[in-house]
Amino acid sequence: LKRHADNLQALLDHAARQARTLAAHSADASGTSRALLTLLGAAALAGGALLAWRLTRDIVRPLLQAVALAEQVAGGDLRAAIQH
């Protein structure tokens with residue numbers, strides 16, 4: 001009976017060691033995943049900001065040119081030309 005109890009205790013000790021090892025690996029993987037997601041989130045945010053800036057610039061520039069043209073015509077200068 002003592003031998004069975006010792007074997008059972010050795011099995012429990014082994015399972016506990018394996019569980020601690022698995023928990024440590026899981027913690028490492030969780031930290032790596034968190035860092036990777038943070039990096040990917042920052043990259044997506046930067047890419048979105050860049051695209052928003054370009055889109056805004058590509059829309060605003062022609063509008064500013066149209067306003068300048070309208071002001072020129074309103075000022076009486078009919079020689080204004082539209083540039084495509």
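# Exercises on salt bridges, exposure and distances

Lys2 is exposed, with a relative accessible area of 59%, where exposed means over 50%, buried under 20%, and partly exposed in between, for a 1.4 Å probe and protein chains only. The model is a predicted one, in which local features need pLDDT of at least 70 and side-chain atom pairs count only at pLDDT 80 or more, while totals for chains, interfaces and linings use all residues. Residues are numbered from 1 along each chain as its sequence is written, and side-chain values use heavy atoms, with hydrogens and water left out.

## Exercise 1

Find how many salt bridges a search of the whole structure gives, and describe the one that Asp6 forms.

**Solution.** Step one is the count: searching the whole structure yields three salt bridges, a salt bridge being a side-chain nitrogen of Lys or Arg within 4 Å of a carboxyl oxygen of Asp or Glu. Side chains of opposite charge can pair when their charged atoms come close.

Step two is the partner: Asp6 is joined by a salt bridge to Lys2, and their closest N and O atoms lie 3.1 Å apart.

Step three places the pair along the chain: Asp6 and Lys2 are four residues apart in helix 1, residues 2-74, and so about one helical turn separates them. Helices are DSSP runs of H or I with at least four residues, numbered from the N terminus.

Step four turns to accessibility: Asp6 is partly exposed, at 40% relative accessibility, whereas its partner Lys2 is exposed at 59%.

## Exercise 2

For the salt bridges of Arg57 and Arg79, name the partner residue and state how exposed each arginine is.

**Solution.** Begin with Arg57, whose side chain meets that of Asp58 in a salt bridge with an N to O distance of 3.6 Å. Arg57 has a relative accessible area of 28%, which means that it counts as partly exposed, and Asp58, with 40%, is partly exposed as well.

Continue with Arg79, which forms a salt bridge with Asp77, the closest N and O atoms being separated by 3.3 Å. Arg79 is exposed, since its relative accessible area is 74%.

## Exercise 3

Work out where Ala23, Ser33 and Ala52 are found, and for each give the C-alpha distance to Ala70, Asp13 and Leu37 respectively.

**Solution.** Take Ala23 as the starting residue: Ala23 belongs to helix 1 and is partly exposed, with a relative accessible area of 46%. From Ala23 to Ala70 there are 47 residues in sequence, and the distance in space is 69 Å, C-alpha to C-alpha.

Move on to Ser33, which also has its place in helix 1 and is partly exposed at 41% relative accessibility. Ser33 and Asp13 are 20 residues apart in sequence, with 30 Å between their C-alpha atoms.

Finish with Ala52, a residue of helix 1 that is partly exposed at 40% relative accessibility. Between Ala52 and Leu37, which are 15 residues apart along the chain, the C-alpha atoms are separated by 22 Å.

## Exercise 4

Decide in which helix Ile59 is found, and whether Ile59 is buried, partly exposed or exposed.

**Solution.** The location is settled before the accessibility: Ile59 is found in helix 1. With 46% relative accessibility, Ile59 is then classed as partly exposed.

Methods. Helices (H or I, at least four residues) and strands (E, at least two) are DSSP runs, numbered from the N terminus.
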